[in-house]
Amino acid sequence: MTRLIGCAALIVAAVVSTAAVAQDWPARPIRYMQPFQGLPDTLARAYNDKVAASLKQPVVPEYKLGAAGRIALAEIAKAEPSGYVIGMATSGPLTIHPNLYRQLPYDAEKSFAVLSILGASPMALAVPAHSPAKSVEDLRKLSQTRELNIATGGVGGPQHLAAVLLQKTGIRATMVHFKSSAEVLPAMVNGAIDAYFDTLYQQDVFVKQGRYRALAVTSASRAPQLPDVSTFAEIGHPEIDVHTFYATVAPAGTPQPILDKLTSAYAAAGETAEVRDTLRRMALLPVRKPRAELEAMARDARARWKRVIDENQIQVE
């Protein structure tokens, strides 16, 4: 009986301690691990300005660039789960890389609590403006006359996996892997590359400049930025459903009351006019789901990409 009373006392003390910590949290600035500059950084800042105002503490970006986002995720995974270190996770290191790399400095399934999907980007398939292909079917017919070159932003990235799915529709193509999207533009313009998947935002920029022609988008419905461009589902290929996403995650083991505060702050930020305008300008879709559904979404994506990677024997050097 004495032992039972002692155990009960310890449990009550732990609960009270956790509640007290959460009540006082945050008492100092929150560090935000940022794996990328450019659009992801702008997106995170739009949210974090609102989150900081809500929590009454600064959310300070720390740039952990490199390894396609894995360095930043490793920093989050090893951090004390106190709510003072959080950061951005994108679809690559969270859902694709676990199926590509034998060893990662984190466990994508167990190391994180997903707080919010800041935004998701559909992709668009584009060809150079001078290409004879005016549709995906035209591109398929062109590939019967010669094997096409399709660019990617690197082995195993979302662009690569989208292109793999495109090949399954009967398009003959060789993958040409570039280090970054910026390198693809001159190759597209000079005719060395026949087609390229990228985020809707990037493709829209080059379509408006008259350099690319978009053939189809991977979203469920037509994109406001490219209203005359069909979805892959409309042309009979709903399986080409590829989105990149930008999430905020915390270390696993962060106390539930702190996770609740963070989740609530990010949800409220997403409803503000400033963040909505940022999403619109960046051609990003809002994703408003409970935390459990977001984590289930990430698990489903990992399982899907594992099938694609295994079936096509995709390997990184």
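1. A word on terms before we start: two residues are in contact when heavy atoms of theirs lie within 4.5 Å. With that in hand, 78% of the contacts in the protein chain with a separation of 6 or more are between residues 24 or more positions apart. Please keep in mind throughout that this is a predicted model.

2. On the overall build, the protein chain holds 11 helices and 10 strands. Its C-alpha atoms fill a box of roughly 85 × 40 × 30 Å along the principal axes. The radius of gyration is 22 Å, which agrees with the value near 20 Å that a compact globule of 317 residues would have.

3. Next, burial and surface. Of the 317 residues, 49% count as buried. The accessible surface of the protein chain comes to about 15000 Å², and carbon and sulfur atoms own 54% of that area.

4. For anyone setting up electrostatics, here is the charge tally. The protein chain carries 34 positive and 29 negative side chains. How far apart do the centres of the two sets lie? The separation is 1 Å.

5. A few backbone details deserve a look, beginning with a peptide bond. The one from Trp25 to Pro26 is cis, with omega near -5°. Pro26 sits in the loop between α1 (2-24) and β1 (30-34).

6. Then there are positive phi values outside glycine. Ala68 has phi of about 55° and belongs to the loop between β2 (59-63) and α3 (70-78). Ala68 counts as partly exposed because its relative accessibility is 41%, and that class runs from 20% to 50%. Gln313 also has a positive phi, near 50°, and is found in the segment after α11 (291-311). Gln313 has a relative accessible area of 68%, so this residue is exposed, the threshold being over 50%.

7. Helix α5 (residues 136-145) makes a nice worked example. Which of its residues are buried? They are Val136, Leu139, Leu142 and Ser143. Seen down the axis of α5, these buried residues fall within an arc of 110°, so they line one face of the helix. The general background is that an α-helix has 3.6 residues a turn, so residues three or four places apart point the same way. As for what lies over that face, the cover of the buried residues includes the strands β4 (112-128), β5 (148-152), β7 (195-199) and β8 (212-217), along with helix α6 (158-167).

8. Strand β4, part of that cover, also contains Ser116. Is Ser116 buried or exposed? Its relative accessibility is 8%, so Ser116 counts as buried, as the cut-off is under 20%. Leaving aside neighbours within four places in sequence, Ser116 is in contact with Tyr246, Ala247, Thr248, Tyr266 and Leu294.

9. Finally, a residue of helix α11, namely Ile309. Ile309 has a relative accessible area of 2% and is therefore buried. What does Ile309 touch, leaving aside its neighbours within four places in sequence? Its contacts are Ile96, Asn99, Leu100, Leu161 and Ile314. If you would like a distance to check against your own copy, Ile309 and Ala77 are 25 Å apart in space, C-alpha to C-alpha, and 232 residues apart in sequence.

Note on methods. Residues numbered from 1 in each chain as written. Predicted model: local features only at pLDDT ≥ 70, side-chain atom pairs only at ≥ 80, totals over all residues. Heavy atoms only, no water. Helix = DSSP H or I, 4+ residues; strand = E, 2+ residues; numbered from the N terminus. Rg over C-alpha atoms; globule rule 2.2 N^0.38 Å. Buried < 20%, exposed > 50% of the residue type's maximum accessible area, 1.4 Å probe, protein only. Areas by Shrake-Rupley, 256 points an atom, 1.4 Å probe, with all protein chains shown as cover. Lys, Arg positive; Asp, Glu negative; His and termini not counted. Charge placed at Lys NZ, Arg CZ, Asp CG, Glu CD. Arc of directions from axis to C-beta.
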